[in-house]
Amino acid sequence: MHRVLHVGPDTCSVISKLLREEETEAWGLEPYDIEDVDHTCKSLVHRGIVRVADIKFPLPYRAKSFPLVIISDALDYLSPKYLNRTIPELARISSDGLVIFTVTSTPKPLVVSDLNYD
């Protein structure tokens, strides 16, 4: 069984697709307020599969809750102050891997050091 947490806008559609995969337990964290969403998204939120939370603050999960945490388009507008808080917090809830998809305005390599939160 694969446990995955997706963090980012449009997390409801990502989670809906992941839940169709065999052997996958998917959860979502929507970092922005959801107002105009469809019935499927409202259902996922109501069932607790998708949560709405501000990622600039401590996340509502225990350490190492998910083997894989995927973040897409959620860190793009955070200031360096909040990035320095949010990335370690996302690493804290991941036991095996943290995947970050983001867009930068200037092409430069990103160097990520090993994070150990034992």
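**Helix α3**

I started with helix α3 and looked up which of its residues are buried: they are T86, E89, L90 and A91. I then checked what lies over them, and the cover includes β1 (2-7), β4 (66-72) and β5 (94-101). I noted that this is a predicted model.

I also compared the length of α3 with expectation. Helix α3 holds 13 residues, 80-92, and at 1.5 Å a residue these should span 18 Å. The end C-alpha atoms are 18 Å apart, so the two values agree.

**Overall layout**

I counted elements next and found 3 helices and 5 strands in the chain. Read from the N terminus, their order is β-α-β-α-β-β-α-β.

I looked up burial for the whole chain: 33% of its 118 residues count as buried. The accessible surface comes to about 7,900 Å², and carbon and sulfur atoms hold 54% of that surface. Among contacts with a separation of 6 or more, I find that 60% are between residues 24 or more positions apart.

**Disulfide**

I searched the whole structure for disulfides and got 1. The partners are C12 and C41, with their sulfur atoms 2.0 Å apart. I recorded 45° about the S-S bond, and the link is right-handed. C12 lies in helix α1 (residues 11-19) and C41 in helix α2 (residues 39-46), so the pair ties together parts that are 29 residues apart in sequence.

Are the two cysteines buried or exposed? I took under 20% relative accessible area as the cut-off for buried. C12 has 11% relative accessibility and therefore counts as buried. C41, at 5%, counts as buried as well.

**Nonpolar cores**

I went on to the largest nonpolar core, which has 15 residues. The members that touch the most other members are L5, V7, L29, I55 and V69. Two elements, β1 and β4, give two or more residues to this core. The largest share is that of β4, with 3 residues.

I picked L29 from this core and listed its contacts, leaving out residues up to four places away in sequence. L29 touches L5, H6, V7, G8, T11, R51, A53, I55, L59 and Y61. Of these, L5, V7 and I55 are also on the list of core members with the most partners.

I then noted a second, separate core of 7 residues. Its members include C12, I15, C41 and I49, so both cysteines of the disulfide belong to this second core. As a general remark, nonpolar side chains tend to be buried together in soluble globular proteins.

Methods
Residues numbered from 1 in each chain as written. Predicted model: local features only at pLDDT ≥ 70, side-chain atom pairs only at ≥ 80, totals over all residues. Heavy atoms only, no water. Helix = DSSP H or I, 4+ residues; strand = E, 2+ residues; numbered from the N terminus. Expected span 1.5 Å × (residues − 1). Buried < 20%, exposed > 50% of the residue type's maximum accessible area, 1.4 Å probe, protein only. Contact = heavy atoms within 4.5 Å. Disulfide = S-S within 2.5 Å. Areas by Shrake-Rupley, 256 points an atom, 1.4 Å probe, with all protein chains shown as cover. Core = buried A, V, L, I, M, F, W, Y, C linked by side-chain atoms within 4.5 Å.
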